[in-house]
Amino acid sequence: MLATRPVTRVDPKRRAVLDPKKRQFAKAQWKEQEYTSRMNFYTIPPTGDIALEQFEEWGIARLKVLAELESCSYRSRTPEETAQYMGPILAKHMPLLSNTSRSSTLNLERKRDHYSHWTLRLAFSATEELRKRFTRLEAQLFRLRLQQDDARERRDFIESLGMNWSTVSDEEKRELGENLRKATGWRKEEEEAWFKVPFELVTELVESRRCYLRAGTAYVHVREQLGMVVSEFSRRLEAGLELAARALPRMDEDNRLAPILNHLSKSFTTPDAAYSADGGSISDTTAITARSIDELVRFFPLCMQNLHRELRKNSHLKHYGRLQYTLFLKGIGMDMNECIAFWRMSFKLITDDKFKKEYTYNIRHAYGDVGGDANRRGRGYSPYNCQKLLTEALPGPGQSHGCPYRTFTPDNLVSLLQASGISDQSLLKSIREDVSKQRYHIACNRVFEQRNKEQIKKVKEQNLWPASELDTILHPNTYFKRGFLLANLGLVKSGDVGVDGASQ
């Protein structure tokens, strides 16, 4: 009878690696990447380790940058205006210094840039619409950075790409000189380079007639090199997003990453805006009382104006409207007792006993005066930001909560805006277009800029506020505080504005 070896489930050669007692001594399979340039084509996925908190925080920071960049295009800013506007925003959320800076944070900045790109690449690869939008915005960000890059570093980066083009020789330039001049306005006395590239790689230049075509080859002037690099970046990113979309189903199996990626993709409607306790409060300059709200409502965003209008009209609001409005009032600096007084004055058709039994507890709970879990530390709930208002369920019959730019029909929205004092027809037309393309927060910002046009102009001309205090509004409480302070510029000093606290 032949003896048989016992069957083992683990290969003996791998047992040492799998042994938990020895795993810490195994050689690391992944290593940190080196970043020789501030520019990146993001061809290679990250290979190092980061904390889950960094994975999400870096993705959110990049999302804020892309959202501001998108708002520039929606508002028809020129390239020069966009570069000026984006400067402080990039420095705040995604700084990326050149090699000449010799900063100690250089490698961390580039790592953050690299990882955040791949985080959003995963988050926005699910649908064709998200992929197109992400590609367009990333290409705009890449172009902006490349234009601002150090000339020597930019040349070294482009040479490292190994692009599929070759330099046109002097003999060929003489042969094609007349054709090149007619095609692009090149002058013979200019001693500049030309490149030859397959025409399908520069279709944008072909379409706009900024190159010379010959036998399937495009002859491109060196001044178009930046556009060629950006086009190649977009082409590679589109292909990469297609691959990411195929891998995305496997991400759903990871209960750590799936919620983060889902949150980021939803945030593409409007970026998340965390709330800070004093981010939208003006209680340090003006007392917020129950009787002062009717005067302050002119500084409210449309969502809160609509709730206030319905409250005054019906002397009542349903639960979600009351909660949304209560948290907003809390955020602007109204204390709990004044808030209870405000609602009691507003609900004038019910008795004191009914109000105490059915409504007072909910107000105290929102302020953290009663209840557990979220309220254990006495802070209560935070005021809702624009993202929450734009992603929650639509209001039902008789309900008024949410964002009117999303919940109202275009005609009803225009009527509401006109009733609030907006009469500019070109602005109303732009708002209709924004709403049709689900750019709700952009439409809201247009209204704010129109209402405060003269004050914003004064702040910019006299450099009264930091540039970051005039970025895109993503929180109703930021809308209120910024509008109030613009109307009362004498109440604050330069460098002590703090209106963006709700959008950090």
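1. Cys403 counts as buried, because its relative accessibility is 11% and a residue is called buried when that value is under 20%. This residue lies in the loop that runs between helix H16 (386-391) and helix H17 (404-407). If its neighbours within four places in sequence are set aside, Cys403 is in contact with Cys303, Leu389 and Leu390. Please keep in mind while reading that the model is predicted.

2. Cys403 also belongs to a set taken from a record: the UniProt annotation "binding site", which comes from an unreviewed entry, covers Cys303, Cys386, Cys403 and Cys444. These residues are spread over 142 residues of sequence and yet cluster in space, the largest C-alpha distance being 10.1 Å. From this set, Cys303, Cys386, Cys403 and Cys444 take part in the lining of the largest cavity.

3. Another residue of the annotated set, Cys444, has its place in helix H20, which is made of residues 440-451. Its relative accessibility is 15%, and therefore Cys444 counts as buried. Apart from its neighbours within four places in sequence, Cys444 is in contact with Tyr405 and Tyr479.

4. Turning to the overall make-up, the protein has 22 helices and 4 strands. Of the 504 residues in the protein, 47% are buried. Among the contacts with a separation of 6 or more, 69% are between residues that are 24 or more positions apart.

5. The sheet deserves a careful look, since strands of a sheet pair through backbone hydrogen bonds, in either a parallel or an antiparallel way. Here 4 strands form an open sheet in the order E1-E2-E4-E3, and the pairing is antiparallel. Strand E1 (166-167) and strand E3 (212-214) stand at the edges and have a single partner strand each, so one side of each is left without a neighbour in the sheet. Strand E2 (residues 194-198) and strand E4 (residues 217-221) pair in the antiparallel sense over 5 bridges, and Pro198 has Thr217, in E4, as its bridge partner.

6. Helix H2 (residues 52-74) offers a simple check on geometry: at 1.5 Å a residue, its 23 residues should span 33 Å, and this agrees with its end C-alpha atoms, which are 33 Å apart. A student who multiplies 23 by 1.5 Å will not reach that value, because the expected span is 1.5 Å times one less than the number of residues. H2 is mostly covered, as 17 of its 23 residues are buried. Just after H2, Ser76 takes a positive phi of about 60°.

7. Is Arg482, in helix H22 (residues 476-487), buried or exposed? Its relative accessible area is 2%, so Arg482 is buried. A polar atom of the side chain of Arg482 lies 2.9 Å from the backbone oxygen of Glu469. Arg482 and Ser281 are 201 residues apart along the chain, while their C-alpha atoms are separated by 10.0 Å.

8. Lys348 may be read beside Arg482: Lys348 is exposed, with a relative accessible area of 61%, whereas Arg482 is buried. The place of Lys348 is in the loop between helix H14 (336-346) and helix H15 (352-367). From C-alpha to C-alpha, Lys348 and His316 are 8.6 Å apart in space, and they are 32 residues apart in sequence.

Note on methods:
Residues numbered from 1 in each chain as written. Predicted model: local features only at pLDDT ≥ 70, side-chain atom pairs only at ≥ 80, totals over all residues. Heavy atoms only, no water. UniProt positions renumbered as here; feature names shortened; annotations may be inferred. 1 Å grid on protein atoms, 1.4 Å probe; cavity = no way out; pocket = protein on both sides within 12 Å on 5 of 7 lines; lining within 4 Å. Helix = DSSP H or I, 4+ residues; strand = E, 2+ residues; numbered from the N terminus. Buried < 20%, exposed > 50% of the residue type's maximum accessible area, 1.4 Å probe, protein only. Contact = heavy atoms within 4.5 Å. Pairing = 2+ DSSP bridges. Polar contact = N/O pair within 3.5 Å; in protein donor to acceptor, adjacent residues only side chain to side chain.
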